[in-house]
Amino acid sequence: MSVVESESSPSGAPAPRRPLPSGPDPDSSKLILGFVLGLAAIIAIGFVALIAVVMSFGGGSGSAAADETASTTLDLSAREFGFFGDLVAPAGDVTLRLTNDGSQDHNIGIRELGVVSNNIGPGGTTDLSFDSLAPGVYEIFCDIAGHADSGMVNTLTITGSADEAAAMADGMEGMGGGHGEMDFAAMDQAMMESMLAFPAETEGMGNPMLEPTEILADGTKVFDLVAAITDWEVEPGRIVEAWSYNGVVPAPQIWVDRGDRVQVRVVNNLPMGTDVHWHGIRTPNDMDGVAPITQELIQPNGGTFTYEFTAEEDAIGMYHAHNHGQMQVVNGMFGVFRIGDNPIPYGATVSGVTLPTEEELDLVLDIPMVLNDAGVIGLSLNGKSFPATEPLVVDQGDWVSLTYYNEGLQIHPMHLHQFPQLVYAKDGVPLDEPYWVDTLNVAPGERYTVLFKADDVGTWVWHCHILTHVERETGMFGMVTAIVVNENPDYDPDEYPVTPTNWRKTAGDPLDDDGALGVAEREGTAGEDEGTVGEDEDSAGEDEETGNP
Ligand SMILES: [Cu+2]
């Protein structure tokens, strides 16, 4: 077996299968602006109606005095990931009435005032009221980790008076007109443009391989990690203050051999204490990285700590902060830690597919896909949000092993188009019964290792299947990438075809010589009784599979 110990991405310049724009398209910003203005016009019309209601019913005194304190309730809807509804009100008492039309908990707050409502579940409603809200522009947001970064921010405008608000609404109305259908067209165009922007260049790449700084006389491999707040470009132009190790997100990968003595020297340049937990790695208790139980916090602004342990067992693990992990981890302090080799089930037959032997299987890539969904990084693959995610570029027929690492706060069903993924290790533990999937749920803290063969040429999308983790009104974003399979003149389609036997077929039944499904043969087998099936079997392996319903 040969393994390329890759960086996060297999190659430099990807070779997309379709024309891509060479740079940012100035029209896309106009388009989005137009879309936003269109939306604003809709909101404004709604607001005019609201004002009319307030004036006809709300003004019980019948007075039209402009300086009378207005009282306005704005109906807002929250869903993944955005706020929608009325966002203009006159100065005075304002209530934000939030309905959760999404599938997760949300809340609403005003950033400038430091006030946040309680969390409400799907279908719930909450009021957040303000007395005498002064004129100005405020930012509303959901303060559940990751939600604002995923798009749950908007602008609340408080005007000087009801008249001014009405005038503003009038002005906005003047800009609108016939926008209803255009919004859908604009949304389509925004989606197309967002997708064609892939793959986009950004500064920095996560998961670089970390080489030992030094190797001591006794063979101990010494690694250095510096924790600090550093700029990180998550998607083009969106630069966040990441909490990072060595300035990259995900942190550098550490790969050692079984039996290696390992030292990791940590310098903490963060403004708060930290510690490093070796997730899925067997260590002595005092190296587990959980302050104050197994060590003291590594003090901020220059504190240091050296972790030292022997890499006793093969592992597909991670390392991450433990102190305030809900903030430090999701803001970027996570990385891959590997010990030993992949437990690939060479030669095994799984659902009708027999894998090559170790001598035959040439693994061209063994790479991580680190999932995150919160903090300043937000919904991302390997520290980047689409279109800045890195495509995986391979040749037709290449075998790839990939491990999903979930360092976020939510579950993510990861779906690879076209190529069945053989799940062969869970949390680094080899599975006695590997299985094929096209979508694999990965919960926080979990690692799943899959093997697949890229045997069809083209650009194939690869994404989380919680659709709000990948698409929003302005287009595609977040947890999406693609595999680009280039033509390979040496490709032999008959060598190890990967087509897991569907449960509807008789298990183990191969394709006909001409590639057509052997329908008649299967029906015949299925129609006969058990005794006959037994006669057909010529191997113990097939017997077992036939035994399964
Ligand atoms: Cu997801």
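These are my notebook entries on a few things I looked up in this structure, which is a predicted model.

**Entry 1: the six-stranded sheet**

I began with an open sheet of six strands, and I read its order as β22-β21-β24-β29-β26-β27, with mixed pairing. Which strands sit at its edges? They are β22 (378-381) and β27 (429-437), each of which pairs on one side only. I also noted the twist, which averages 20 degrees from one strand to the next. Then I looked at one edge in detail: β22 and strand β21 (residues 363-374) run antiparallel and are joined by four bridges. One pair to find on screen is Leu371 with its bridge partner in β22, Leu381.

**Entry 2: the five-stranded sheet**

Next I traced an open sheet of five strands, again with mixed pairing, in the order β3-β9-β8-β5-β6. Here β3 (88-90) and β6 (115-116) are the edge strands, each pairing on one side only. In which sense do β3 and β9 pair, parallel or antiparallel? I found the parallel sense, over three bridges, with β9 covering residues 153-159. Val88 is a handy place to start, as it stands opposite Thr157 in β9.

**Entry 3: a strand covered on both faces**

In a regular strand the side chains alternate between the two faces of the sheet. With that in mind I turned to strand β15 (residues 276-279) and asked whether its residues are buried or exposed. Val276 and Trp278 are buried on one side, and His277 and His279 are buried on the other, so both faces are covered by the count of 20 or more other C-beta atoms within 10 Å. I then followed β15 to strand β17 (residues 315-321), which runs antiparallel to it with four bridges between them. The bridge partner of Val276 in β17 is Ala321.

**Entry 4: the cores**

In soluble globular proteins, nonpolar side chains tend to be buried together. I looked for such groups here, and the largest nonpolar core has 85 residues. Which members touch the most others? I listed Val266, Met333, Leu371, Val394 and Ile483. Strand β21 gives this core its largest share, six residues. Apart from it lies another core, of 24 residues, and Val88, Tyr138, Ile140 and Ala162 are among them. I went back to Met333 for its neighbours: leaving aside residues up to four places away in sequence, its contacts include Trp243, Tyr245, His320 and Ala321.

**Entry 5: strands β25, β30 and β33**

Strand β30 (residues 458-464) pairs in the antiparallel sense with strand β25 (residues 412-416), over three bridges. Here Leu416 has Trp462 in β30 as its bridge partner. β30 also pairs in the antiparallel sense with strand β33 (residues 480-486), over six bridges. In that pairing I found Gly458 opposite Val485.

**Entry 6: backbone oddities**

Most residues other than glycine have a negative phi, and most peptide bonds are trans. I therefore noted the exceptions to that pattern.

- The bond from Val249 to Pro250 is cis, with omega near -10 degrees, and Pro250 is in the loop between β12 (238-245) and β13 (254-256).
- The bond from Ala291 to Pro292 is also cis, with omega near 5 degrees, and Pro292 lies in the loop between β15 and β16 (303-310).
- Ser132 has a positive phi near 50 degrees and lies in strand β7 (residues 125-133). It is exposed, with 10 other C-beta atoms within 10 Å.
- Gln418 has a positive phi near 75 degrees and lies in the loop between β25 and β26 (421-426). It is partly exposed, with 15 other C-beta atoms within 10 Å.

How values were computed:
Residues are numbered from 1 along each chain as its sequence is written. This is a predicted model: local features need pLDDT of at least 70, side-chain atom pairs count only at pLDDT 80 or more; totals for chains, interfaces and linings use all residues. Two strands pair if DSSP finds at least two bridges between them. Helices (H or I, at least four residues) and strands (E, at least two) are DSSP runs, numbered from the N terminus. Axes are lines fitted to C-alpha atoms, for helices over the stretch in contact, and angles run from 0 to 180 degrees between N-to-C directions. A residue is buried if 20 or more other C-beta atoms lie within 10 Å of its own, exposed if 12 or fewer, and partly exposed in between; C-beta atoms are placed from the backbone. A nonpolar core is a set of buried Ala, Val, Leu, Ile, Met, Phe, Trp, Tyr and Cys residues joined through C-beta atoms within 7 Å. Two residues are in contact if their C-beta atoms, placed from the backbone, lie within 7 Å.
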